[in-house]
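Grab a pencil and work through these exercises with the sequence and the 3D view side by side. Try each task before you read its solution.

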Amino acid sequence: MTDPAVAPALRPFEGLGRWAIWIIESLGRFGSFLLQALSAMVAPPFKLWPLLGRIHYIGFRSLLIILLTGAFTGMVLGLQIFLTLSRFGSEAFLGPAVALSLIRELGPVLAALMVTGRAGSALTAELGIMRITEQIDALTVMALSPMRYLVAPSIIAGVITFPLMTALFDVVGIFGGYLVGVELLGLSEGTYFGEMQTFVDLTDVMTGFWKSLSFGIIVTWVCTYKGYYVSRGAEGVAQATTQAVVLSSVLILVWDYFLGTVLP
Amino acid sequence: MIRVKGLRKSFGRQTVLNGVDLEVPDGSITVIIGRSGGGKSVFLKHLIGLLRPDSGRIEVGGVDFGRLRGRALDEVRKRYGVVFQSGALFDSMSCRDNVAFPLREKLRLSRADIATRVDRGLEQVGLTGIGDKYPEEVSGGMRKRVAIARALVTEPEIVFFDEPTTGLDPVLVNTIHRLILELHRRLRFTAVMVSHEIPEIFEIADRVGMLHDGRIVELGPPAAIQASSNPVVQQFIRGDPDAGA
């Protein structure tokens, strides 16, 4: 919408200004959404059942995809790293290479991306449909906070389930690497696991843990935010779902790089 | 008493409410009529606190409701029941759980008390026996009745109805209106309804207000509205697309 009072030569600046205001408004709303959710988390009464429901929805129902992608990621790593290391005669380091790749980087990132695709998108669509069918308004006018009932449990569930699912992804991936490296390509079992114990320490595990924890917050924050502020009916829900998945995925990778530079 | 004075609301450059004045006496049924897209639902959203006025005052029981936030706002809302246009039933819950939900979450009642009140609520709207079904498994008319039962189960002082009969056949429209009237006689709540069901709403309203161009252009008992000399009101009542309103 262009203001007729604005001189034609200034209209590009008007558009730029409107875009800048929109960006600042959106960022402010995005930030205050998380603050509201955090205050809903700490304010009694605490609701256990909605939280357990969200843990089941985000965590338990993502198990199959986590186990499947974890196993194949480990197998691919096992194969590719074995072939690379065999050029230098260093196959013995297959175990630590697979484990470190998974625990520090691939486990948290791929598990988060998988859960974003499965549960994050569903979270956005669910909240979006609740918004357009006035269910969120109904909660509000009942003097019951949608933040407490819908958003806070999802974010807490993200914080709880992402590290657990990442741990599962890592374990299954390490066994996937074992399957290929030891069972198929003939590396000894003792070498695979023994070297792993030498090279992988608690710092690596904690790096993966902090990453998965923060991804849990990012994914549930973005996905609930996008669903909560849906407008324009079914098309709006579809758009919000796509935006939630894309934005979550991009933020996961950007934040992963950032944490990679600051964590030991 | 709900008292609205000089309520204004614009979205961008579009002015939707342009100085609405209205008084809703306690215990009455006040119906706001007006053309589709005329701002009736926007007005109702101000009364229930889902939108904030740009200017003007909304008083509920002497409190400036339009300026309230947080807990103070929720305290007033606890006296409210709202029936949304779509019903707004929680689709992940059975009809019975929908009715029980505000009781479980807002009042400290035993399970037995909740069950008793839910049964009574469903019975009042003629829906005994369908409680275990989910909203998607029942008809549109039944969904509206479940929504009415949910809105009334906490025995609110003020009940808002946003086009509660939209999308229903004429028989169901009258059934729902009769149900609202009967429940109103029994429970004595103050009702504010937005509707464009003409002439059916004249049967149940104590007062009717016509919202046009962002203002209440006529307000009075149904007979006075029907006899109004205001051409806008007459055009709306007759459904005449060619009148010069």
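**Exercise 1. Describe how strands β1 and β2 of chain B are joined.**

Step 1: strand β1 (residues 2-11) and strand β2 (residues 14-24) of chain B run antiparallel, with 8 bridges joining them. Strands here are DSSP runs of E with at least two residues, helices are runs of H or I with at least four residues, and both are numbered from the N terminus. Two strands pair if DSSP finds at least two bridges between them.

Step 2: pick out one pair. B:Val4 stands opposite B:Leu22 in β2(B).

Step 3: look at the turn. β1(B) and β2(B) make a hairpin with 2 residues between them, and B:Gly12 in that turn has a positive phi of about 65°.

Before you go on, a word on the model: it is predicted, so local features need pLDDT of at least 70 and side-chain atom pairs count only at pLDDT 80 or more, while totals for chains, interfaces and linings use all residues. Residues are numbered from 1 along each chain as its sequence is written, and chains are lettered from A and ligands numbered from 1 in the order in which they are written.

**Exercise 2. Work out what surrounds strand β6 of chain B.**

Step 1: recall a rule. In a regular strand the side chains alternate between the two faces of the sheet.

Step 2: apply it to residues 80-83. B:Tyr80 and B:Val82 are buried on one side, and B:Gly81 and B:Val83 are buried on the other, so both faces are covered. A residue counts as buried if 20 or more other C-beta atoms lie within 10 Å of its own, exposed if 12 or fewer, and partly exposed in between, with C-beta atoms placed from the backbone.

Step 3: find the partner. β6(B) runs parallel to strand β7 (residues 158-162) of chain B, joined by 4 bridges. Within this pair, B:Gly81 stands opposite B:Val159.

**Exercise 3. Compare the surroundings of B:Ala88 and B:Asp213.**

Step 1: check the backbone. B:Ala88 has a positive phi of about 55° although it is not a glycine, and B:Asp213, also not a glycine, has a positive phi of about 50°.

Step 2: place them. B:Ala88 is in the loop between β6 and α3 of chain B, while B:Asp213 is in the loop between β9 (207-212) and β10 (215-220) of chain B.

Step 3: count neighbours. B:Ala88 is buried because 25 other C-beta atoms lie within 10 Å. B:Asp213 has 15 within 10 Å, so it is partly exposed.

**Exercise 4. Explore the largest nonpolar core.**

Step 1: such a core is a set of buried Ala, Val, Leu, Ile, Met, Phe, Trp, Tyr and Cys residues joined through C-beta atoms within 7 Å.

Step 2: the largest one has 122 residues, and A:Val115, B:Ala149 and B:Phe160 touch the most other members. Helix α4 (residues 94-132) of chain A gives the largest share, 16 residues.

Step 3: zoom in on B:Ala149. Leaving aside neighbours within four places in sequence, its contacts (C-beta atoms, placed from the backbone, within 7 Å) include B:Val99, B:Gly121 and B:Leu127.

**Exercise 5. Sum up chain A.**

Step 1: its secondary structure comes to 9 helices and 0 strands.

Step 2: buried residues make up 41% of its 264 residues.

Step 3: its C-alpha trace spans about 75 × 55 × 30 Å along the principal axes.

Terms used
Contact = placed C-beta atoms within 7 Å.
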